[in-house]
Amino acid sequence: MLRFITLTFLIVVSGLFSLVATAQDVVFEDQFEGRLQPGWVWVHDNPARRRFVNDALEIFTEPFANGEARNALLRPLNFLRWQNGRLQYAYRIETECSFLEKPTEQYQQCGVYWLQNERVIFKLVFANIDGELYVFPGKAPLGVKNGGRLRIDVVGQNIVASFCPEDEKIFQRVYEGRINSTPNDRISLQCWNGPQASTPLDNWVRFRYFRIERLE
């Protein structure tokens, strides 16, 4: 069974964001040009299984041991502009990630994870199910692609999740809902559920950039 955590604060709604939100300015960006920008924290880190290659961060997909992803990269959201526990503007979280080789393990995945009180309450990921790649939530098929861009738009407590397959330009919406975010929440880039036996030549995931933008 795919390990999707129950979204305690997430309620599916319809009709959100009938207008396309447009980015206004970059709040934070990391293009992984040989190093990390300040503010990131490694959790369950294994330096031997991560690397910077061609202006991208690559992380080896290790098995999901005891419910913990290895080399999980986290950053808090408290640097955004908050007032009385509420965000003062809408924003967009976006990254691009892909498997360097087609995943072989059931539920092998990579993407963006939203943590609250040390629990994953939402994630937008590419995942291998029965030999085919899908985007979750929504189980949208990825076809022959090995990844692409992932985007989460946040306006108040409303969120919209979408993706764009690699080498394409149009984002496809896969989820609309609500999330009760707090200044203590953290966003994480992760990959996990790799095979128990693998070599350094396979099962790597590439993250090309991570960006948070204000929305109009």
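Let me start with one pair of side chains, Arg211 and Glu29, which meet in a salt bridge with a nitrogen-to-oxygen distance of 2.9 Å. Arg211 lies in strand E17, residues 204-215, and Glu29 lies in strand E1, residues 23-30, so this pair ties together parts of the chain that are 182 residues apart in sequence. What we are looking at is a predicted model, so please take every distance I quote as a value computed from that model. The two partners sit in different accessibility classes, since Arg211 is buried, with a relative accessible area of 17%, whereas Glu29, at 28%, counts as partly exposed.

There are 10 salt bridges in the structure, and I would like to go through two further ones. In the first of these, the side chains of Arg186 and Glu118 come together at 2.8 Å, again nitrogen to oxygen. This pair also links distant parts of the chain, with Arg186 in strand E16 and Glu118 in the loop between strand E9 (109-116) and strand E10 (119-129), 68 residues apart. Arg186 counts as partly exposed at 22% relative accessibility, while Glu118, at 63%, counts as exposed. The other salt bridge is between Arg173 and Glu176, with 2.5 Å from N to O. Here Arg173 is partly exposed at 44%, and Glu176 is buried, with a relative accessible area of 16%. Beyond single pairs, salt bridges that share partners join Glu29, Glu94, Arg151 and Arg211 into one network, and that brings us back to the pair I opened with.

Glu176 also leads us to the strands. In E15, Glu176 is the bridge partner of Val160, and E15 (residues 172-178) is joined to E14 by 6 bridges, the two strands running antiparallel. The hairpin that E14 and E15 form has 6 residues between the strands, and in it Asp167 takes a positive phi near 70°. Within E14, which covers residues 158-165, we find Ser162. Is Ser162 buried or exposed? With a relative accessible area of 8%, Ser162 is buried, and its contacts, leaving aside neighbours within four places in sequence, are Leu124, Arg149, Leu150, Arg151, Phe171, Gln172, Arg173 and Val174.

Moving along the chain, the loop between E15 and strand E16 (186-192) holds Pro183, which is partly exposed, with a relative accessible area of 27%. Pro183 and Trp82 are 101 residues apart in sequence, yet their C-alpha atoms are 7.1 Å apart in space. Not counting residues up to four places away in sequence, Pro183 touches Leu77, Asn78, Trp82 and Gly85.

Now for the overall architecture. The protein has 17 strands and 0 helices. One open sheet consists of 7 strands in the order E2-E5-E16-E9-E10-E11-E12, with antiparallel pairing. Strand E2 (41-43) and strand E12 (140-141) stand at the edges with a single partner strand each, so one side of each is left without a neighbour in the sheet. At the E12 edge, 2 bridges join E12 to strand E11, residues 132-136, in an antiparallel arrangement, and Val135 stands opposite Ala140 there.

Turning to the interior, 50% of the 216 residues count as buried. The largest nonpolar core has 41 residues, and those with the most contacts inside it are Tyr91, Ile93, Trp114, Phe122, Phe126 and Phe210. A separate core of 13 residues lies apart from it, with Ala72, Val120, Tyr134 and Trp192 among its members. To take one residue of the larger core, Ile93 is in contact with, among others beyond four places in sequence, Val112, Trp114, Leu150, Ile187 and Phe210, as well as Arg151 and Arg211. Those two arginines, Arg151 and Arg211, belong to the salt-bridge network I described earlier.

Finally, a word on the cysteines: why does Cys191 form no bond with Cys110? The sulfur of Cys110 is the closest cysteine sulfur to that of Cys191, but it lies 6.7 Å away, which is too far for a bond. Cys191 is buried, at 2% relative accessibility, and Cys164 is buried as well, at 1%. In total, the structure holds 0 disulfides.

How values were computed
Residues are numbered from 1 along each chain as its sequence is written. This is a predicted model: local features need pLDDT of at least 70, side-chain atom pairs count only at pLDDT 80 or more; totals for chains, interfaces and linings use all residues. Side-chain values use heavy atoms; hydrogens and water are left out. Helices (H or I, at least four residues) and strands (E, at least two) are DSSP runs, numbered from the N terminus. Buried means under 20% relative accessible area, exposed over 50%, partly exposed in between (1.4 Å probe, protein chains only). A disulfide is a pair of cysteine sulfur atoms within 2.5 Å. Two strands pair if DSSP finds at least two bridges between them. A nonpolar core is a set of buried Ala, Val, Leu, Ile, Met, Phe, Trp, Tyr and Cys residues joined through side-chain atoms within 4.5 Å. Contact means heavy atoms within 4.5 Å. A salt bridge is a side-chain nitrogen of Lys or Arg within 4 Å of a carboxyl oxygen of Asp or Glu.
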